[in-house]
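Colleague: I would like a close look at one part of this model, the group of aromatic side chains and what lies around it. Please take it slowly and keep to what the coordinates show.

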Amino acid sequence: MDVAINYTIETVAEIINGKFIQQNSNTTVTHLLLDSRKLLFPENTIFFALNGHRKGTAFINDLYEKEVRCFVIDDKGFDLSPYPGATFILVESLLHALHLLAIHHRSTFALPVIGITGSNGKTIVKEWLYQLLESDFNIVRSPKSYNSQIGVPLSVLQINKRHTLAIFEAGISQPDEMDKIEKIIQPTIGIFTNIGDAHNEGFEDKRQKIKEK
């Protein structure tokens with residue numbers, strides 16, 4: 001997913017508590033990228049090298065060849081020498097850095113935000129609400145079922161000044177995850193759909209899961 005943003009590289013580094021280990025650009029980044037296959041605007045993209053099935057830094061060379069010049073990494077031993085024209089920001093945790101950016105972004109908007117959680121039905125309820133309210137509000141909402149520790153910040157980073165209502169899903173699979181998600185969404189209205197057996201293995205019992213949600 002390519003997410004439109006609008007921050008100077010210096011501002012991004014400050015927000016995410018990052019350290020410049022190489023700086024060759026004072027650009028304003030307008031697109032945040034997690035998936036190298038989704039590159040659209042290389043000159044103004046910042047790539048967060050999150051690990052997935054492969055190490056996130058493995059995609060830097062290809063992106064550099066495609067003219068991406070801004071990267072956020074958490075690998076202190078990463079060899080910068082092949083990328084003399086790039087800017088690198090080093091952070092302790094890329095996921096936490098993504099959360100910090102989304103928290104800051106959310107805090108700059110004073111609009112009603114509906115947060116939806118529960119074991120099932122989050123996406124259906126979100127889409128129902130969207131259909132009911134779209135004639136009265138300019139709505140930003142979670143794409144598909146973006147309700148995870150990565151999906152939520154990407155959803156929230158979509159907010160812009162045109163929006164008058166936000167509807168976001170929040171899903172968890174382990175204790176302490178909702179505390180992180182709540183800080184990102186900062187909901188003004190909460191909806192709890194139900195409690196079921198999904199992700200039971202991550203909790204001691206149903207009571208703990210309900211309390212976490």
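**The aromatic cluster and its surroundings**

Modeller: F78 has a relative accessible area of 16%, and since buried means under 20%, F78 counts as buried. The model is a predicted one, and F78 is a fair place to enter the part you ask about. One aromatic cluster is formed by F47, Y64, F71, F78, Y83 and F88.

Six aromatic pairs are present in the structure. One of them is Y64 with Y83, an edge-to-face pair with 5.1 Å from centre to centre and 70° between the planes. This pair links distant parts of the chain, as its two members are 19 residues apart. Y64 sits in helix α2, residues 60-65, while Y83 belongs to the loop between β5 (70-73) and β6 (87-90). Y83 also pairs with F78: the ring centres are 5.9 Å apart and the planes are at 5°, so this pair is stacked. Y83 therefore takes part in an edge-to-face pair with Y64 and in a stacked pair with F78.

How far are these tyrosines covered, buried or exposed? Y64 has a relative accessible area of 14% and is buried. Y83 is buried too, with a relative accessibility of 7%.

The next stop is A86, which is in the loop between β5 and β6. A86 has a relative accessible area of 0%, so it is buried. Leaving out residues up to four places away in sequence, A86 touches Q22, N24, Y64, R69 and F71. Two of those, Y64 and F71, are members of the aromatic cluster. As for distance across the model, the C-alpha atoms of A86 and G115 are separated by 38 Å, with their positions 29 residues apart along the chain.

T87 lies in strand β6. Its relative accessible area is 1%, and T87 is therefore buried. Apart from neighbours within four places in sequence, T87 is in contact with I9, F20, Q22, Q23, N24, S25, R69, C70 and F71. Among these, Q22, N24, R69 and F71 are also touched by A86. The C-alpha atoms of T87 and K55 are 19 Å apart, and the two residues are 32 apart along the chain.

For a point outside the cluster, take H99, which is in helix α3, residues 94-107. H99 is buried, because its relative accessibility is 6%. With residues up to four places away set aside, H99 touches Q149, P153, K180 and I184.

Now the setting as a whole. The protein chain has seven helices and 10 strands. Of its 213 residues, 47% are buried. Contacts between residues at least 6 apart in sequence join residues at least 24 apart in 63% of cases. The radius of gyration is 18 Å, which agrees with the value near 17 Å for a compact globule of 213 residues. Along the principal axes, the C-alpha trace spans about 50 × 40 × 25 Å. The accessible surface comes to about 10,900 Å², and carbon and sulfur atoms account for 50% of that surface. There are 22 positive and 25 negative side chains, and the centres of these two sets lie 3 Å apart.

Methods. Residues numbered from 1 in each chain as written. Predicted model: local features only at pLDDT ≥ 70, side-chain atom pairs only at ≥ 80, totals over all residues. Heavy atoms only, no water. Helix = DSSP H or I, 4+ residues; strand = E, 2+ residues; numbered from the N terminus. Rg over C-alpha atoms; globule rule 2.2 N^0.38 Å. Buried < 20%, exposed > 50% of the residue type's maximum accessible area, 1.4 Å probe, protein only. Contact = heavy atoms within 4.5 Å. Areas by Shrake-Rupley, 256 points an atom, 1.4 Å probe, with all protein chains shown as cover. Lys, Arg positive; Asp, Glu negative; His and termini not counted. Charge placed at Lys NZ, Arg CZ, Asp CG, Glu CD. Phe/Tyr/Trp six-rings, centres within 6.5 Å; stacked < 30°, edge-to-face > 60°.
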